[in-house]
Amino acid sequence: SSRSIALLKDGFMSTGDTNTSALDVYGNGIAMWSDPVVEEHLSESLRSLLEQCDAVQGFTMAVDVDSGFGGVMTRFAELVRDECSRSPILTALTLESCSNDIRSKNLSLINRGLALSALSDLSSAVVPLYELEDGKVVTWDKLFHGARGG
């Protein structure tokens with residue numbers, strides 16, 4: 001339901017850096033939690049959701065790990081662990097095909113590695129979800145290394 005979705009408003013995503021947007025980088029997602037407005041917004045969203053439950057059976061999170069949202073969700077998973085330490089967390093990692101642009105590809109791979117490392121420690125199970133390319137599932141190798149020359 002829409003009550004279980006916490007939206008980040010546009011104001012949370014502004015930076016002075018013109019080379020990257022606020023949530024292009026995993027570390028920027030982590031750093032968002034140092035803003036008391038963001039932390040309070042997401043903490044209150046979780047508390048509100050928990051108040052609506054008779055018993056918490058677990059959490060399912062879908063995370064874009066190619067961007068800074070992996071960092072935001074790492075901090076959110078830490079909050080869930082603090083509030084509901086015995087509840088299982090199923091984390092679905094959404095992975096897109098790597099860009100052919102070397103800078104974008106490297107940034108995406110770094111974001112994936114950092115998010116995968118942190119979220120696998122915080123989650124009960126991690127499931128990668130692959131992007132379809134021409135109706136075919138993209139292989140893990142291609143997701144992490146991109147198309148090879150040829």
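**Entry 1: strands β1 and β2**

I looked up how strand β1 (residues 59-64) sits against β2 in this predicted model, and I found that the two run parallel and are joined by six bridges. Two strands are taken to pair here if DSSP finds at least two bridges between them. The helices (H or I, at least four residues) and the strands (E, at least two) are DSSP runs, and they are numbered from the N terminus. Picking out one position, I noted that Thr-60 has Leu-90 in β2 as its bridge partner. Between these two strands the chain passes through helix α3 (residues 69-83), and the β-α-β crossover that results is right-handed. To call a crossover right-handed, I view it with the strands pointing away from me and check that the path from the first strand over the helix to the second runs clockwise.

Before going on, I wrote down the ground rules: residues are numbered from 1 along each chain as its sequence is written, and side-chain values use heavy atoms, with hydrogens and water left out. As the model is predicted, local features need pLDDT of at least 70 and side-chain atom pairs count only at pLDDT 80 or more, while totals for chains, interfaces and linings use all residues.

**Entry 2: strand β2 and its other neighbour**

How many residues of strand β2 are buried? I counted five of the seven in residues 89-95, and the strand is mostly covered. Buried means under 20% relative accessible area, exposed means over 50%, and partly exposed lies in between (1.4 Å probe, protein chains only). Strand β2 also runs parallel to β3, and six bridges join these two. Leu-90 appears again here, for it stands opposite Ala-125 in β3. I reminded myself that in a regular strand the side chains alternate between the two faces of the sheet.

**Entry 3: a nonpolar patch**

I then looked at the surface, where Leu-90, Val-127 and Leu-129 form a nonpolar patch with about 210 Å² of accessible area together. Such areas come from the Shrake-Rupley method with a 1.4 Å probe, and for residues only the protein chains shown count as cover. Patches are built from residues with over 30% relative accessible area and no salt bridge; like charges are joined within 9 Å, and nonpolar side chains (Val, Leu, Ile, Met, Phe, Trp, Tyr) within 5 Å. Val-127 belongs to strand β3 (residues 125-130), and its 36% relative accessibility makes it partly exposed.

**Entry 4: the whole chain**

Stepping back, I found five helices and five strands, and along the sequence they follow the pattern α-α-β-α-β-α-β-β-β-α. Of the 150 residues in the protein, 35% are buried.

**Entry 5: salt bridges**

How many salt bridges does a search of the whole structure find? The search gives three, where a salt bridge is a side-chain nitrogen of Lys or Arg within 4 Å of a carboxyl oxygen of Asp or Glu. Side chains of opposite charge can pair when their charged atoms come close.

Arg-112 and Asp-66 meet in one of them, at 2.4 Å from N to O. This pair links distant parts of the chain, 46 residues apart, with Arg-112 in helix α4 (residues 102-122) and Asp-66 in the loop between β1 and α3. I checked how covered the two partners are: Arg-112 is buried at 1% relative accessible area, and Asp-66 is buried at 14%. Asp-66 also lies 8.4 Å from Val-25, C-alpha to C-alpha, although 41 residues separate them in sequence.

Glu-44 and Arg-47 form another salt bridge, their closest N and O atoms being 3.7 Å apart. Both are in helix α2 (residues 36-51), three residues apart, about one turn of the helix. Glu-44 is partly exposed at 37%, and Arg-47 is partly exposed at 32%.

Glu-78 and Arg-75 also meet in a salt bridge, at 2.9 Å from N to O, and both lie in helix α3, three residues apart.

**Entry 6: cysteines**

I looked for disulfides, meaning a pair of cysteine sulfur atoms within 2.5 Å, and the count came to zero. For Cys-53, the nearest cysteine sulfur is that of Cys-84, 8.3 Å away. Cys-53 is partly exposed at 33% relative accessible area, whereas Cys-84 is buried at 10%.
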